[in-house]
Amino acid sequence: RAETFATPMQEAPAVTGAITGNGESQPVPVFIGWMCDGKADQVFDFLRRLKMQGYSSREFLSRVVSSFDEVHRQRLEGGRSVDVYALEKTNRLDPSDLEAVIDLLSGGVDYSYKESHTGVKTALLRALDYLSKKQPKNS
């Protein structure tokens, strides 16, 4: 299923790069792109891979929330070092949309559920639903 992770720019990075932040992989911007493009299958397939390889989905979601926040702050204040792909993929979202997505995703990093993976999936479902309503009508 390697084609599942193909993006226009690159094949999605390995899960290990997602967590270690070693600079070789950039899965957070790719993940954000999948979210903004409504590619729920890729989002949840990646989460399954995280879990199977023993990585924290909560920690990864925290990185996603931080990246959305950096995009938001870049637009408001400037002067931030933000991934170009994440900026491109979020360009149709206005500041209130970004705030809404950040708020929805932030619910997945709290400790409301015994199993953190459940909170992450629930937050992603809500954010994907919100973003689907922001999709261009002709796509």
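## Helix packing in an all-helix model

The buried residues of α7 pack against four helices, namely α2, α3, α4 and α6. The model described here is predicted.

**Overall make-up**

The protein contains 7 helices and 0 strands. Read from the N terminus, its elements follow the order α-α-α-α-α-α-α. The chain has 139 residues, and 42% of them are buried. Among contacts with a separation of 6 or more, 67% join residues that are 24 or more positions apart. The accessible surface is about 7500 Å², and carbon and sulfur atoms account for 48% of that area.

**Helix α7**

Helix α7 is made of 17 residues. From its first C-alpha to its last it reaches 24 Å, close to the 24 Å expected at 1.5 Å a residue. Its buried residues are S116, H117, G119, V120, T122, A123, L124, A127, L128 and L131.

**Helix α2**

Helix α2 covers residues 27–36, and 10 of its 10 residues are buried, so the rest of the structure largely encloses this helix. The buried residues are P27, V28, P29, V30, F31, I32, G33, W34, M35 and C36. After α2 comes G38, which has a positive phi, near 75 degrees.

M35 belongs to α2. Its relative accessible area is 0%; because buried means under 20%, M35 counts as buried. Apart from neighbours within four places in sequence, M35 is in contact with V43, V64, F68, L105, L124, A127, L128 and L131. One of these partners, L128, lies 93 residues away along the chain, yet the C-alpha atoms of M35 and L128 are separated by 6.2 Å.

**The largest nonpolar core**

In soluble globular proteins, nonpolar side chains tend to be buried together. Here the largest nonpolar core has 31 residues, and those touching the most other members are F31, M35, V64, F68, L105 and L124. Two or more residues are given to this core by each of α2, α3 (40–52), α4, α6 (95–106) and α7 (116–132). Helix α2 provides the largest share, 7 residues.

F68 shows how one core member meets others. Leaving out neighbours within four places in sequence, F68 is in contact with I32, M35, C36, T90, L98, V101, I102 and L105.

**Helix α6**

How does the span of α6 compare with the span expected at 1.5 Å a residue? The 12 residues of α6 should span 16 Å, and its end C-alpha atoms are 16 Å apart, which agrees. The buried residues in α6 are D97, L98, V101, I102 and L105. Seen down the helix axis, the buried residues of α6 fall within an arc of 135 degrees, so they line one face of the helix. An α-helix has 3.6 residues a turn, so residues three or four places apart point the same way. The buried residues of α6 pack against α2, α4 and α7.

**Residues in α3, α4 and α5**

F46 sits in helix α3. With a relative accessible area of 2%, F46 is buried. F46 and F31 are 15 residues apart along the chain, and their C-alpha atoms are separated by 8.3 Å.

Is R63 buried, exposed or partly exposed? R63 is in helix α4, which covers residues 57–77. Its relative accessible area is 31%, so R63 is partly exposed. R63 and P27 are 36 residues apart in sequence, with 10.0 Å between their C-alpha atoms.

K89 is in helix α5, residues 84–89. Its relative accessibility is 14%, so K89 counts as buried. Which side chain makes a polar contact with the side chain of K89? The partner is the side chain of D37, at 2.6 Å. Beyond neighbours within four places in sequence, K89 is in contact with G33, C36 and D37.

The table lists the three C-alpha pairs described above.

| Pair | Apart in sequence | C-alpha to C-alpha |
|---|---|---|
| F46 and F31 | 15 residues | 8.3 Å |
| R63 and P27 | 36 residues | 10.0 Å |
| M35 and L128 | 93 residues | 6.2 Å |

**Summary**

Helix α2 has 10 of 10 residues buried and gives the largest share of the largest nonpolar core. The buried residues of α6 pack against α2, among other helices, and those of α7 also pack against α2.

Conventions. Residues numbered from 1 in each chain as written. Predicted model: local features only at pLDDT ≥ 70, side-chain atom pairs only at ≥ 80, totals over all residues. Heavy atoms only, no water. Buried < 20%, exposed > 50% of the residue type's maximum accessible area, 1.4 Å probe, protein only. Polar contact = N/O pair within 3.5 Å; in protein donor to acceptor, adjacent residues only side chain to side chain. Contact = heavy atoms within 4.5 Å. Core = buried A, V, L, I, M, F, W, Y, C linked by side-chain atoms within 4.5 Å. Expected span 1.5 Å × (residues − 1). Arc of directions from axis to C-beta. Areas by Shrake-Rupley, 256 points an atom, 1.4 Å probe, with all protein chains shown as cover.
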